Each structure stands twice: as C-alpha cells, then as structure tokens.
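Trainee: Hi! Could you walk me through this model? I'd like to start with the DNA.

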There are 2 protein chains.
Amino acid sequence: MSTSDSKSYHHGDLRQALLETTRQMIAEEGVEGVTMRGLAQRIGVSRTAPYRHFENKAALLAAVAQEGFEELIKHLRCARTADPTLSPIIRFEKMGMSYVQFAIAQPTAYRLMYGADAVRAEDHPEVREVVRRTLDELIEMIQECKAAGFLKTYHPRDVGMTVWSACHGLSLLLIDQHLQIDNVDQLIERVTRIVRVGLEGER
Amino acid sequence: MSTSDSKSYHHGDLRQALLETTRQMIAEEGVEGVTMRGLAQRIGVSRTAPYRHFENKAALLAAVAQEGFEELIKHLRCARTADPTLSPIIRFEKMGMSYVQFAIAQPTAYRLMYGADAVRAEDHPEVREVVRRTLDELIEMIQECKAAGFLKTYHPRDVGMTVWSACHGLSLLLIDQHLQIDNVDQLIERVTRIVRVGLEGER
DNA sequence: ATTTAAATGTTGACTGTGTCCACATATTAA
DNA sequence: TTAATATGTGGACACAGTCAACATTTAAAT
C-alpha cells in the first residue's frame, strides 16, 4: 500500500488528501471555489474517484465542516483552561474573544461550517454532534462562573445560547464586512467587554 | 404597454415579476432552489429575458436581498416607535425580539440577505447601504436610551454592534436549527432579556 | 498458491445551470 | 414614417455534479 506515490493506480489515502485539499481550496477561494472536478485534478486523480470516499459533495464539505468545529472546540477549551488563576468571568470573556478570532482568522472555513447552503446540519449527524459540543464548551465555562458566584439567576443554557449568538453574529458580521471599522481587535474587545460587564452585573 | 397579458411579446413589467417570483421561490425552496431558467419558465418568458433587467443572477438576488433589508428596517422602526410610553430600554428589548422574529418568520429570505455565497455586499453598494441603515436603526434606539439615562458609559455604535451581533447570531442559530429547543418564543424572550438586563445595569 | 471478493480508480455520458451572441419584435423618439 | 432603443427569443458553449459500466489493485477465502 503506497501512501502517496505519483504513478500508482491507487492513491493510497485519497480520503485524507481530499479533506486537506478541500480545506486548502476553501482557504484560497472560498467554498464556491471548491469543485469536485477541480479537487480531483489537483490531487491527480480522475473526477469521479472522490465518490468512492464521499457520497457526494455535500458529504465531503460536511466532513470538512466537522473538522472545523473540532478545531474551534479545541480553541475554546484552550481559552477556558489556559489560566485557572483568572476570574472565571474573565476567562469567559477571553473565550468569547477566542471564538471570534478563530472565526475571522479563517473566514471562508467558518462560513462553510455554518453555511446552510453547503452543509445542512440536519442532514449530517456528525455535524450536529460537534455543533452541540461547541455549545457545551461554553456551558462548561458558565458552570465554572456559577460555581464562583456569577450568573446566579440564569440558566446556564440560556446564557450559553446568548453568548454563542453574540459571538456567532459578530463573527459573521465581521467576515462579511458589514461592520465598517478600521480596528477589528478593538471592536472585538469592546463587544465582548459589554457582554461580560452585563453578565457580571448579575451576581 | 400591456401590464401582464399572457400572449404579448413584451411582458410589461418583467423586472417586478422577477423580484416577486424570486421572493416566492426563495420562500418555497430556499435560495438554492432559485434558478434563472426556472424563474423565467414560471413567469412564462424565455430563459435569457431576465438578463435584460438584471446583469446576472447575483444582481437579481442582491435586489431581493435589498428589499428584504428594507422590510426588516421597517419592522425595527415599527417596534422602536410603537409605544413611546414604554421605557426606551424596554422598547430596545422589543426591537431585538422583533428582529429575530422577522428573521425566523422568513428563514430562507433572511439567509439570502446575509448569505455571502449569493450576495457579496461589497459588490453591491445598494445592499451595503441598507445594511448600514439597519445598524442605524438600532443606534437610533440607543440614542433614545442614552437620552433617558441608560447606557451612559458606552458608545452607541459599540452597543449597536453588540446587539446586532446577538440578534443576528440568534436568528441564524435558530434558522439553522442548531439550538435544539422546543419553545422558540421563550428562548427569544430569555436571550433578549439577558441582554437587556445586562445593558440596563450600566446606568 | 489460486481463486474470489472487495475496494478503489477510470472513462463516457447525461443533466442542469449560467450566460454570451446574434437575431426578432415591440415601443419610443426624431 | 423612420430611426433608435428597449425588450424578448433560440442556439450554443462551458462548467459541474454524478451515475453506470468497466479496469485494476489489494485483501480474503479456499
């Protein structure tokens, strides 16, 4: 089993190559730039070979989206657990910043992840699953806040959805360039601060 | 000039018919369901006739998106000015609820409006314009709040973007069914309440 | 080791779609 | 009435997704 020789009939690990190349093409040209044919050509395989590994284009994109969520979850967890000496509510704020920074660092990939056009989560249980875990990561942080005496009057789930909404919305508005600003980082700081201060008030 | 006879060579008002039929098709089958050919056929005109009125599909969709934003702005203004006896911060909250309700009442249309795939705002100045006015509508409300002594320590624009982000994010998460809940209205109430209470604290 | 089955890859072909071009017809202006 | 303009039509092309039938390689079974 050759892993990536050039002339062999079998590619070796086409599935992985497809995932990687798709990610690359998305980064370079956006989701619209991804075509099954282009993908195959770039990898050096015939146009229908990908269908041995993914039922169709949607399934391939869903797999890439899933990986994206897994990356996002890692980032969030990292922000959450990075510095346990910090007040949980501050770590929560940093988590929000991490979220948005992750999104705008790879705008086209983030768009794919939540892009109902390409990936209908309801059709892809694995995507559904990682989406759920994304929210869970926020809720975990909220539990810590509650344990420290914050957010006493709220249900964790409600707060989680609120913060998720704000992060998601801000990410997309930034990615789509709907917010005409020059200092992106400053805006992220201000927005997350407004949210954090608001939540902090509810001790 | 016949306005909508069936057999005449000229349609009469194809431009308007295109906008309306596009809206319908979006409502029925989503943006993906819209094809130039299908549109033309449904209206009873040849497949290339639409190109006399819109440069291409993107331009047509952009025009529909623009109308969508104008509708949204109307709704927001309505919520803002409906009951001037109410505390501005409460009207602000109602405005947020209106936003999300508008979005989920026409999910596919809302997706189009913000769907970078179909409509890249940066390519369509008219869309850029209505998007800006959407934020302005929120900021207007925030000014009223400030005049009543709320939100003293914040810049209106920052608060506007924060609330817009939350509304937009919540709308999309609901539309894409990422939030697995049974009572949508209750969630909207809870989220907008959390945001309002948070802002209210900052007198 | 030989045969068989399964996995993987290839080419051809079909469909649907956006859109250009040249031409036709209707409407408006000169 | 004629000329110019706006609007609508059909042919044609390129691109994309994907099915079906066939080829080749690898793995499993005897």
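Trainee: Which residues come nearest to DNA strand C?

Mentor: In this predicted model, Ser46(A), Arg47(A), Arg52(A), His53(A) and Arg37(B) come nearest, out of 24 residues around DNA strand C. A residue is near a strand if one of its heavy atoms lies within 4 Å of it.

Trainee: Before I go on, what are the ground rules here?

Mentor: Residues are numbered from 1 along each chain as its sequence is written, and chains are lettered from A and ligands numbered from 1 in the order in which they are written. As this is a predicted model, local features need pLDDT of at least 70 and side-chain atom pairs count only at pLDDT 80 or more, while totals for chains, interfaces and linings use all residues; side-chain values use heavy atoms, with hydrogens and water left out.

Trainee: Thanks! Which atom of DNA strand C does the side chain of Arg47(A) meet?

Mentor: An N or O atom of the Arg47(A) side chain sits 2.3 Å from a base nitrogen of DNA strand C. A polar contact here is a pair of N or O atoms within 3.5 Å; within protein, one must be able to donate a hydrogen and the other to accept it, and residues adjacent in sequence count only if both atoms are side-chain atoms. From the other chain, Arg52(B) has a polar side-chain atom 3.5 Å from a base nitrogen of DNA strand C.

Trainee: And what about the phosphates of DNA strand C?

Mentor: There, a polar backbone atom of His11(A) is 3.1 Å from a phosphate oxygen. Of the strand C atoms within 4 Å of the protein, 50% belong to sugar or phosphate and the rest to bases.

Trainee: Now DNA strand D: which residues come nearest?

Mentor: Arg37(A), Lys57(A), Ser46(B), Arg47(B) and Arg52(B), of the 24 residues around DNA strand D. Here 51% of the strand's atoms within 4 Å of the protein belong to sugar or phosphate.

Trainee: What polar contacts does DNA strand D have?

Mentor: Among them, a polar backbone atom of Ser46(B) lies 2.4 Å from a phosphate oxygen, and a polar side-chain atom of Tyr51(A) lies 3.1 Å from a phosphate oxygen. For the bases, a side-chain N or O atom of Thr48(B) is 2.9 Å from a base oxygen.

Trainee: What is the make-up of the surface near DNA strand D, by class?

Mentor: That surface has 8 nonpolar, 9 polar and 7 charged residues. Ala, Val, Leu, Ile, Met, Phe, Trp, Tyr, Cys and Pro count as nonpolar, Asp, Glu, Lys and Arg as charged, and the others, Gly among them, as polar.

Trainee: How do chains A and B relate?

Mentor: A turn of 180° with a shift of 0.0 Å along the axis lays chain B on chain A with an RMSD of 0.0 Å. That is the relation of a two-fold axis. The copies are superposed by least squares on the C-alpha atoms of residues with pLDDT of at least 70 in both.

Trainee: Last one: how many helices and strands are in chain A?

Mentor: Chain A has 8 helices and 0 strands, where helices (H or I, at least four residues) and strands (E, at least two) are DSSP runs, numbered from the N terminus. Its C-alpha trace spans about 65 × 35 × 30 Å along the principal axes.
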